Structure formats: C-alpha cells, structure tokens
Amino acid sequence: MARYELVKRSVALITLTNPPVNASSSAVRHAIAKSMKCALSDPEVTAVVICGENGSFCGGADIREFAGPLKGPPLVPLLDAIEAGEKPVVAAIEGVALGGGFELALVCHYRIAHSKARLGFPEVTLGILPAAGGTQRLLRLIGIPAAAISLKLGIVDQVTEQNACEVAVEFALRAVAKPLLSRRVSMLTTRCPPDLDALLDAVTMQVKKKAPGVMAPLACIQAVRAAATMPYYKGIKREGELMATLFNSGQAWALQYCFFAQRTAGKWTLIRSAAVIGLGTMGRGIAVCLARVGISVIAVESEKKLLETGRQMVIGMLERDAKRRGVSASLNLFKFTLSLHDLKDVDLVIEVVFEDMALKKRVFQELSKVCRPATLLCTNTSGLDVDALAGVTDRPHLVVGMHFFSPAHVMKLLEVVCGPRSSSETIATAMSLGKRMGKVSVAVGNCPGFVRNRMLKPYIDQATFLLEEGATPEQIDKALEDFGFAMGVFRMSDLAGLDVGWRVRKESGLNGSDVDPESPPRRRQGRRYCLIPDMVCEQGRFGQKTGGGWYMYDKRGGTNAKPDPLIQNLLETYRSKYGIQPRNISNQEIVERCLFALANEGFGILEDGMAARPEDIDVIYLFGYGFPRHRGGPMFYASMVGLERVLKRLEHYHQAHPDVPHLKPSPLLKTLVACGIPPVQKWREHIKTMHSHL
Ligand SMILES: CC(C)(COP(=O)(O)OP(=O)(O)OC[C@H]1O[C@@H](n2cnc3c(N)ncnc32)[C@H](O)[C@@H]1OP(=O)(O)O)[C@@H](O)C(=O)NCCC(=O)NCCSC(=O)C[C@@H](O)CCCCCCCCCCCCC(=O)O
C-alpha cells in the first residue's frame with residue numbers, strides 16, 4: 001500500500017501503491033502513518049518525498065470505503081502530523097492529486113508537479129467537501145478569489161517535464177535545514193478581498209441558480225467563509241461539521257452511486273469466467289490476477305498431487321494479496337479440477353502447461369472439443385508459434401497469446417500475441433482483460449520469442465561473447481548496473497533461472513544430441529555460439545534457486561550474489577581450450593555491445609511489423625525487463641545516443657565479429673539515418689511492413 005525506501009542516503013521515499021489511482025484507503029493511510037514514523041525517527045533521514053506508483057499521485061479518499069463503517073487512521077490527524085513534522089516533506093505529483101490526494105500534497109512543505117498533473121477538489125461531485133483540511137489550507141495558500149494556473153497561484157513550487165519523483169528528491173535535498181514554519185500552510189493567513197461578504201453572497205446566488213437544492217456546493221462556500229474568517233483550528237472544526245452533515249446525506253449517497261454506476265455501465269465485458277490450465281508458478285500467478293478483478297476461475301491440473309499443491313499455493317497467495325490490499329480474499333471464485341470437461345461454459349481459457357508444442361497442441365485440440373464455440377483460447381507460451389496452436393482448433397480466430405511474465409501476479413507487462421488469424425475482437429478482448437487486471441498490455445506479432453524475449457537473445461548473447469573474450473560476469477553486470485539497470489544480465493538470469501534457456505536451446509538444436517557433429521567449435525547453425533551457459537547448466541547450476549549460477553549464493557533461493565571462483569576457473573579453462581587470448585574490455589564496449597544489439601533487434605522487430613511502434617518496445621522493456629526509466633527504453637535510448645552513432649558503432653562491432661548477425665545494422669536503422677533521423681514518434685512512418693492487427 002506504500003513502499004518505503006531510502007534514496008540518496010538521506011531521503012525517505014514513500015511511494016503509494018494502491019492501483020489504479022492510489023486512493024487513500026485505510027490500508028494506505030496506515031502505511032503512510034507507519035512510513036512517516038519511520039522517516040521522522042530515523043536520524044539518517046533528513047527529508048521525505050511522497051509520490052504515487054504508476055504515474056498517479058493519489059485519487060483521493062477511497063470512495064468505496066464511504067459505504068461502510070470508517071476504519072483505519074483518520075486522515076485529518078495523519079495529515080496534520082505530516083505538516084507539523086520537523087523534516088521537510090516534498091510531494092512529487094504526477095497524474096492526479098485529487099480530493100484527499102490534493103489534501104495530502106497541501107500538507108507537504110513543498111510540491112513538485114509534472115506539467116501534465118491534475119490537482120483539484122472534485123468532492124462536490126460526490127456530494128461532500130474536502131474535509132481533511134482542504135478547504136482551509138487551499139485558501140490560505142492561494143487566497144480568495146483565485147484563478148490561474150497552479151505555479152502562478154503558488155500551489156506548487158516547481159513544475160517539471162521530467163520524472164517528478166526524481167526532481168522532488170533533488171529538491172528535498174536542497175530543502176534540508178531550511179526553516180519549515182512558513183511552509184506549513186495551516187499557519188498562513190487567508191488573503192481576503194475587502195468585499196468578502198458580497199463576493200460569497202454572489203457566488204451563493206449563482207450556485208443556488210445553477211444547482212437548486214444541491215447541498216455540497218453551499219457547504220463549500222460556508223467552509224470558504226470559515227477559512228477567511230477563522231483561525232485554522234476553528235476553520236477545520238467547521239469543515240468537519242459541514243462534512244458530517246453532508247457525509248450521511250441522501251445526496252452524497254446518490255452522487256457516489258452515480259460515480260460508480262457510470263463506470264460499471266461502461267464495463268461491458270465478455271469475460272466473467274475463465275480457466276487456467278497448469279498450476280505451476282506462472283499458472284498460479286495468472287489465476288490470482290484473474291480472481292483479483294472478480295473473474296471466477298476454474299484451475300486445472302493433470303494430477304491429484306499437483307492439483308492439491310496448486311490449490312494450497314493459490315489460496316496462500318490470495319490470502320496474502322488480500323491482506324496487503326486490505327480486502328477479503330476471493331476464495332469463493334475458485335474451483336479446482338482434474339478434468340478439462342469442467343471448462344465447457346467458461347468465457348476464456350489460458351493454457352499454461354509446459355513449454356512443449358506437442359503437449360500444447362494436444363491441450364488445444366481437447367479444448368476445441370469441450371469448450372463452447374465462443375470461448376477464447378489463449379496460450380501463455382513465451383515464444384512458440386501461436387498460429388500453429390490456432391491451427392489445431394476449430395476456432396483459429398478466437399486464439400491469441402497472452403504472454404505474462406514471472407511472477408505473473410506482480411509483473412506489470414502483458415504481451416498480447418496476435419496470430420495472423422486472431423480476430424480483432426479476440427485481440428481487443430485480451431487487451432481489455434489485461435487492462436482490467438492492471439497490466440500494461442502491448443499487442444505484438446507472432447514471431448519466435450515475440451518482442452521481449454526475441455530482443456533479449458542478442459543482448460544476452462553479447463554478454464556471453466564478452467565472457468569468452470575476457471570479461472567476468474561481475475564486470476559486465478557492474479557496467480550495466482552503472483548504466484542504470486537494477487540488475488546486470490547475469491544477476492538477472494540467476495534470478496529468472498538458467499534452466500529455461502538451456503531447455504529452449506536444446507529444443508532449437510543448439511545444444512545436446514541434435515547438434516550437427518560436423519559443426520565447427522563455437523559455431524551453431526552458421527553463426528557464433530557460446531557454450532559457457534550450457535556448461536554452467538550442465539553442472540546443475542540454475543541460478544538462485546539452486547544456490548549457484550553465474551554467481552554463488554549462501555543457500556538455495558539466496559539473493560546475495562558473490563563472485564564464484566568456480567566460474568572464474570570455468571572461464572579460464574574454456575578460453576585456453578579454444579585458444580582465446582583474454583583481453584581487457586572497457587565498460588563502454590560492454591554497454592554498447594549489449595544495448596546496441598538490443599536496440600538493433602528492436603529495429604528488426606519494427607521492420608518485420610511485430611511491434612506497432614518504438615514506444616511499444618520501450619514500454620515492454622520498461623515494464624518487462626526493468627530497463628532504467630530515466631533512459632526511456634532501448635529505442636528511445638538509441639535515439640538519444642544518436643542513430644548515426646549507433647549505426648557506426650554497430651558497423652564497427654559487426655566488422656570485428658562478422659559471425660554475429662545481430663550486430664549487423666538493421667535496414668530500418670540505416671533508412672532512418674539516411675532520411676535525416678526523424679524523432680522516435682515518427683519512425684513508424686518509415687516502416688513498410690505492418691502487421692495487420694498492430
Ligand atoms: C482519478 C480519475 C481522474 C481517473 O480517471 P480514469 O478515467 O483514468 O479512470 P476511472 O475513472 O475509470 O477510474 C479507474 C478506477 O479507479 C476507481 N477510482 C477512482 N478514484 C477512486 C477513489 N477515489 N476511490 C475509489 N476508487 C476510485 C474507479 O472507480 C475505477 O474503478 P474500476 O473498478 O471501475 O476500474 C477518476 O477516477 C476520478 O475522478 N476519481 C475520483 C476522484 C475523486 O473524486 N476524489 C475525491 C475522493 S473523496 C475525498 O478525497 C474526500 C477527502 O477530501 C476527505 C476525506 C476525509 C474523510 C473524512 C470522513 C469524515 C466523515 C465524517 C462523517 C461523520 C459522520 C458519522 O459519524 O457518520
């Protein structure tokens with residue numbers, strides 16, 4: 001509900017995490033209170049920044065909670081305590097700061113707002129008024145009457161086009177040790193026009209004429225009068241009295257009902273029930289995502305023992321998730337079964353069985369027989385041909401890929417994979433289901449690996465080639481982490497597990513018994529191939545889960561990565577076996593080879609029409625691989641470096657490594673350079689092939 005972390009050593013960053021709009025539910029208020037206590041009592045913390053996750057500061061009080069008994073820490077004392085604190089608190093406002101969200105911003109000592117942020121008090125549309133000090137503080141800040149934009153009014157201290165949170169952290173560091181008294185809005189005196197009574201009377205008349213019989217706007221005017229004529233402690237009391245009258249009024253109930261009715265009416269959905277086949281890690285996560293948004297789920301496994309394990313894990317996840325969100329667990333939405341026949345009435349099925357085409361085809365054939373003709377059939381394959389699966393069904397137009405990322409109930413990204421025969425309605429339904437589950441859904445074409453995994457291959461390949469040439473996993477990771485990734489490629493691979501890639505390489509004939517015995521060393525299928533990842537896996541080292549991978553860990557599942565002499569030894573033996581003279585490799589080369597190869601594949605994807613636009617690729621990398629947001633994503637990063645430079649460096653590296661096709665500059669990159677390097681938003685105009693659905 002709120003994340004607490006220390007940034008720049010001395011700034012406590014409190015991030016509200018209550019999707020979709022970070023409404024200040026009782027759980028959020030509780031988390032804010034706890035985080036503030038932590039920040040104020042920690043001597044290392046000199047300033048605090050409050051922001052909201054996913055581009056939204058806070059949409060105000062959780063209106064749903066108004067229907068029941070009020071629980072959790074009350075907002076007014078919580079906000080008063082923030083304002084009274086002795087450390088500067090800065091609000092970093094992106095998206096919306098509405099109602100209670102705006103009130104939260106007003107008690108912060110400084111406000112940094114993104115230029116597109118929206119601040120305001122829409123309470124009156126809900127039949128109430130801003131009753132957490134909003135009427136009293138805003139007027140003290142901007143006076144009566146007031147009109148114009150926030151910066152001019154002095155509501156915000158800085159407007160930015162950048163990431164508001166990062167700007168706020170820098171701002172907070174500068175605010176340390178500055179006096180706070182004048183920053184406490186409740187301590188200010190309201191600036192009033194001399195003809196206050198006449199002004200308020202005129203406004204009252206207008207309101208009565210425009211909205212006859214409506215109570216909330218009139219109560220707001222009374223609260224304004226209180227702000228103008230009373231000290232804060234009396235004004236806030238008056239605000240509370242007015243709220244108490246409105247809060248339980250039929251008008252407030254009706255208006256709040258309208259708010260939700262309007263949104264419910266817009267929610268025409270095909271998907272009320274779904275099935276998940278396979279209760280491994282992914283299947284369990286997907287099942288939780290579905291149930292979380294009220295979809296009833298039939299969960300299927302092939303064996304009794306697996307079903308029982310899956311059931312217990314799902315229940316545990318649901319209970320933990322519900323506790324975290326302060327709601328009750330929706331266990332009643334679940335049914336667990338061993339029989340596909342139970343799926344005959346569901347609206348949608350997501351297949352999450354083992355990544356084996358023959359097995360998946362059998363499942364899809366069976367689904368074709370048991371499900372009603374309108375049921376959508378989705379696969380969570382991470383790279384297999386969605387159209388080949390569609391081809392074994394009686395409804396290829398209703399087959400689509402829904403590629404979740406692990407852990408599925410946490411990771412925001414969803415790739416909706418459009419096969420050539422998937423209908424527009426099918427794709428639209430999968431996209432809207434993704435949105436409903438709170439995912440960032442991106443439609444992609446049906447090619448091996450789709451977008452994220454297809455691009456990951458050249459990125460990881462470069463990293464392993466650099467190992468062959470003399471680098472260590474630590475050196476490569478450090479260079480990428482300095483670039484901004486939370487984890488370098490090897491630490492990330494250890495976290496994800498090395499065995500999946502190993503199995504995929506075996507299935508593609510790159511390793512194992514299918515390898516052509518005639519192929520020269522370190523070459524497969526006509527191109528350079530690094531054997532080191534396979535050798536690591538052959539030793540049973542699959543990453544964190546086995547206690548060792550590219551690094552060693554203190555235990556299975558450990559997260560503390562330490563350089564492993566065994567890997568160092570393996571690298572040295574490998575290099576001497578293949579006569580490779582190790583060389584010193586610069587961080588610049590590491591970053592360029594990994595990231596330019598990544599972006600180059602992105603250009604290839606655009607050219608093949610497998611992603612609609614560079615922004616889609618960047619969003620996939622921001623939400624599906626933790627690409628550093630301040631770099632914008634791989635395609636934006638390439639544009640910032642300069643496409644001409646990217647092209648030159650790729651040409652240089654390809655010349656040095658002609659057996660690595662991924663380093664050969666893509667024709668689209670060349671075209672963009674040749675036609676004067678248009679901005680990212682215009683690249684689409686230069687793409688010839690476009691997937692019919694994208
Ligand atoms: C934020 C928006 C602009 C976003 O718009 P968008 O179009 O992007 O998305 P949607 O509108 O579809 O919304 C998405 C989704 O989110 C839900 N939602 C949005 N806002 C809220 C919210 N505030 N609470 C709960 N849920 C919200 C929405 O329903 C959608 O859900 P779905 O399931 O359909 O996907 C736009 O959403 C928007 O404008 N939201 C409303 C913003 C707003 O009005 N905010 C003000 C809220 S009221 C408030 O903040 C009050 C505070 O001032 C004061 C609180 C103090 C309380 C003290 C109570 C004292 C009572 C005293 C009485 C005592 C008497 C007694 O003893 O009984």
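Which residues of helix α26 are buried? In this predicted model, helix α26 spans residues 667–674, and its buried residues are Leu668, Leu669, Leu672 and Val673. These four cover an arc of only 140 degrees around the axis, so they lie on the same side of α26. The elements that cover them include α22 and α25, the latter made of residues 643–656. Just past the helix comes Gly676, with a positive phi near 95 degrees.

Let's follow one of those covering helices further. Helix α22, residues 587–607, gives the most to the largest nonpolar core, with 11 residues. That core has 96 residues, and those with the most contacts inside it are Leu343, Tyr459, Ile476 and Phe603. Take Phe603 as a guide: leaving aside neighbours within four places in sequence, its contacts include Leu668, Leu669 and Leu672, three of the residues that α26 buries. Phe603 also touches Met635, Ala638, Leu643, Ser666 and Trp683. Such gatherings fit a broader pattern, since nonpolar side chains in soluble globular proteins tend to be buried together. Apart from this core lies another, of 40 residues, among them Ile271, Val276, Phe336 and Val352.

Now turn to the strands. An open sheet of 8 strands runs in the order β11-β10-β9-β12-β13-β14-β15-β16, and its pairing is mixed. Why do β11 and β16 each have one side without a neighbour in the sheet? Both stand at the edges, β11 at residues 334–337 and β16 at 440–445, and each has a single partner strand, so one side of each is left free of a sheet neighbour. From one strand to the next, the twist averages 25 degrees.

At the β11 edge, the partner is β10, residues 296–300, which runs parallel to β11 and is joined to it by 4 bridges. Within this pair, Val300 stands opposite Thr337 of β11. Helix α11, residues 281–292, packs on the sheet and touches β9, β10, β11, β12 and β14. The direction of α11 makes about 170 degrees with that of β9.

For a contrast in pairing, go back to the start of the chain. Strands β1, residues 2–7, and β2, residues 11–16, pair in the antiparallel sense over 6 bridges. One facing pair is Val7 with Val11 of β2. The two strands form a hairpin with 3 residues between them, and Lys8 in the turn has a positive phi of about 50 degrees.

Definitions and conventions: Residues are numbered from 1 along each chain as its sequence is written. This is a predicted model: local features need pLDDT of at least 70, side-chain atom pairs count only at pLDDT 80 or more; totals for chains, interfaces and linings use all residues. Side-chain values use heavy atoms; hydrogens and water are left out. Two strands pair if DSSP finds at least two bridges between them. Axes are lines fitted to C-alpha atoms, for helices over the stretch in contact, and angles run from 0 to 180 degrees between N-to-C directions. Contact means heavy atoms within 4.5 Å. A nonpolar core is a set of buried Ala, Val, Leu, Ile, Met, Phe, Trp, Tyr and Cys residues joined through side-chain atoms within 4.5 Å. Buried means under 20% relative accessible area, exposed over 50%, partly exposed in between (1.4 Å probe, protein chains only). The arc is that of the directions from the helix axis to the C-beta atoms.
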